[in-house]
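Colleague: I am new to this structure and should be grateful for a close look at one part of it, the packing of two helices against each other. Please then connect that part with the rest of the chain.

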Amino acid sequence: MGEPLGPEKKFHLITRNLQEVLGEEKLKEVLGERELKVYWGTATTGKPHVAYFVPMSKIADFLKAGCEVTILFADLHAYLDNMKAPWELLELRTQYYEQVIKAMLESIGVPLDKLKFVKGTDFQLSREYTLDVYRLSSVMTEHDAKKAGAEVVKQVEHPLLSGLLYPGLQALDEEYLKVDAQFGGVDQRKIFTLAEKYLPSLGYAKRVHLMNPMVPGLTGSKMSSSEEESKIDLLDRKEDVKKKLKKAFCEPGNVQNNGVLAFVKHVLFPLNSEFVIKRSEKFGGDKVYTLYEEVENEFAQELLHPGDLKASVEVALNKLLDPIRKKFESPEMRKLTGLAYPDPSKSKGAMKGNPKNSDDEEIIPSRLDVRVGKVISVERHPDADSLYLEKMRGVESQAMLLWMKLTPPPLSLSLGLGNREGDPRKVEPLDPPEGSAPGDHVFVEGYKAGKPDDELKPKKKVFEKLQVDLKISSECVAQWKDKPLMTRLGQITCKMLKGGNIS
């Protein structure tokens with residue numbers, strides 16, 4: 001047993017690697033008197049992925065600091081978030097979350113007996129809680145509710161009332177779980193400030209809010225359950241982990257939006273206090289880093305190769321995933337996984353007609369894996385009527401377009417091309433929203449979810465069938481069947497080719 005930690009050391013453990021703390025003075029005040037009570041909640045929707053190790057490593061910090069930690073499986077929130085989890089699957093998904101998160105905590109050495117696990121519907125359907133929901137709805141404005149959920153609740157053209165209720169319920173959870181602090185990602189900041197504004201109006205105290213930064217996924221954007229290639233599932237095989245890490249955005253010298261480096265910083269260092277690079281002797285041999293800053297600095301100076309970084313993260317990650325995979329090899333866990341997340345191809349709708357071909361016959365945009373690229377070299381083809389894109393920075397996987405015959409050649413190209421119908425000589429690049437990065441997922445509105453085909457088989461002509469409906473609108477917006485092409489930051493546009501085709 002080590003020496004008891006003082007308030008200052010506890011404060012350091014609780015706040016390290018956080019992006020922001022609201023209520024810092026109150027946090028210090030509580031630590032000076034007793035142990036902090038904190039909760040972390042997760043809506044039981046899509047399958048948890050490796051980014052969940054980020055909050056898990058912070059929960060480990062909280063426990064080291066002596067905190068009383070509650071983990072909330074927010075099943076009712078999952079339903080309110082545009083029914084991401086159908087009511088009939090809520091219980092099953094909550095069971096899955098409980099099992100998989102306990103397995104994650106065990107894999108990083110967190111003692112479960114120090115934690116309290118609570119299901120949302122265990123207290124959120126009580127008379128008292130329901131009356132407080134009505135009380136809160138009588139003082140909270142629609143504007144504030146909508147603003148608070150903007151980065152957390154799924155946004156649609158015609159929002160449901162359930163999405164407006166979601167932030168208020170999360171605020172009330174702080175009172176009903178009897179905690180001093182709530183922990184979450186910085187994307188929940190607006191919900192946290194809503195809680196600070198409205199809980200006192202019901203006679204309840206403000207809480208401390210602890211916020212993790214949003215860790216980028218493997219594509220460089222936010223790691224998402226709905227983007228298959230942006231995340232590594234906790235049950236992915238070792239071969240899948242290798243494949244996804246190999247394709248991860250990890251440009252030499254670039255430390256921005258680098259999901260591989262972020263995993264080292266927010267998971268591996270807090271858990272192990274060091275990181276080991278595995279490499280052959282001819283490239284310098286193994287190296288042990290005891291500070292994350294050393295890793296980042298050497299990567300920025302290109303002294304650390306992306307291939308060595310990925311290979312070493314792969315080893316460390318598989319070590320974390322092995323006990324989770326083992327637990328879910330049992331027949332009971334396999335059955336639970338299948339029931340909580342049924343295969344869409346085996347649903348009743350998919351079984352009509354020929355079940356083997358039903359999935360293939362559905363030609364929808366989510367079957368394409370389209371990414372933002374950055375053109376850094378364009379050269380004339382020796383045949384003189386074609387151009388080559390020499391390299392698309394940050395995109396190691398398949399690109400939608402590598403070269404195209406054009407007469408005359410344009411000045412620049414990008415991932416998509418627009419040309420005015422009937423006049424193939426007019427060509428211009430499609431422009432992603434400002435702030436986009438190489439590797440950002442491009443999707444059609446309403447078709448963001450879904451797993452892209454691993455391989456577009458020529459005989460199926462999936463792209464060709466979709467390409468017929470890819471056009472530029474009269475407002476210069478790239479569209480598929482009148483639905484805009486988008487990234488997480490907004491719509492894809494072009495500058496002038498109204499009514500053009502996209503190839």
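Modeller: The model is a predicted one. The two helices in question are α5, which spans residues 87-107, and α13; their axes come within 9 Å and cross at roughly 140 degrees. Two packed helices are described by the angle between their axes and the distance between the axes. An angle over 145 degrees would count as roughly antiparallel, and the crossing is therefore classed otherwise: α5 is oblique to α13. The crossing of α5 past α13 is right-handed. On the side of α5, the contact is made by Q99, V100, K102, A103, M104, E106 and S107. Helix α13 contributes L320, P323, I324 and K327 to that contact.

Helix α5 also contains W87. With a relative accessible area of 47%, W87 is partly exposed. Once neighbours within four places in sequence are set aside, W87 is in contact with L76 and Y79. Between W87 and L76, which lie 11 residues apart along the chain, the C-alpha atoms are separated by 8.9 Å.

Helix α13, residues 306-327, holds a charged pair of its own. The side chains of D322 and R325 meet there in a salt bridge, with an N to O distance of 2.7 Å. These two residues are separated by about one helical turn, because they stand three residues apart in α13. Their surroundings can be compared through accessibility: D322 is partly exposed, at 33% relative accessible area, whereas R325 counts as buried, at 13%.

That pair leads to the charged contacts elsewhere in the chain. Side chains of opposite charge can pair when their charged atoms come close. The structure holds 25 salt bridges. One of them joins D144 and K197, at 2.8 Å from N to O. This pair links distant parts of the chain, since D144 belongs to helix α7 (residues 142-148) and K197 to helix α9 (residues 189-198), 53 residues apart. D144 is buried, with a relative accessible area of 14%, while K197 is exposed, with 52%. Another salt bridge is formed by K244 and D236, whose closest N and O atoms are 2.9 Å apart. In this case K244 counts as buried at 7% relative accessibility, and D236 counts as buried at 10%. Elsewhere, R16, K58 and D61 are linked in a network of salt bridges.

The nonpolar interior completes the picture. In soluble globular proteins, nonpolar side chains tend to be buried together. Here the largest nonpolar core has 73 residues, and those with the most contacts inside it are F53, I59, I101, L210 and L309. Helix α11 (residues 259-272) supplies the largest share of this core, eight residues. A second, separate core has 32 residues, among them Y39, A74, L136 and M140.

L210 serves as an example of the contacts of one residue named for the largest core. Apart from its neighbours within four places in sequence, L210 is in contact with I14, L18, E20, V21, L27, V38, F62, A181, Q182, F183, G184 and F192.

Definitions and conventions:
Residues are numbered from 1 along each chain as its sequence is written. This is a predicted model: local features need pLDDT of at least 70, side-chain atom pairs count only at pLDDT 80 or more; totals for chains, interfaces and linings use all residues. Side-chain values use heavy atoms; hydrogens and water are left out. A nonpolar core is a set of buried Ala, Val, Leu, Ile, Met, Phe, Trp, Tyr and Cys residues joined through side-chain atoms within 4.5 Å. Buried means under 20% relative accessible area, exposed over 50%, partly exposed in between (1.4 Å probe, protein chains only). Helices (H or I, at least four residues) and strands (E, at least two) are DSSP runs, numbered from the N terminus. Contact means heavy atoms within 4.5 Å. A salt bridge is a side-chain nitrogen of Lys or Arg within 4 Å of a carboxyl oxygen of Asp or Glu. Axes are lines fitted to C-alpha atoms, for helices over the stretch in contact, and angles run from 0 to 180 degrees between N-to-C directions. Angles under 35 degrees count as roughly parallel, over 145 as roughly antiparallel, 65 to 115 as roughly perpendicular and the rest as oblique. A crossing is left-handed if the near helix is turned anticlockwise from the far one by less than a right angle, and right-handed if clockwise.
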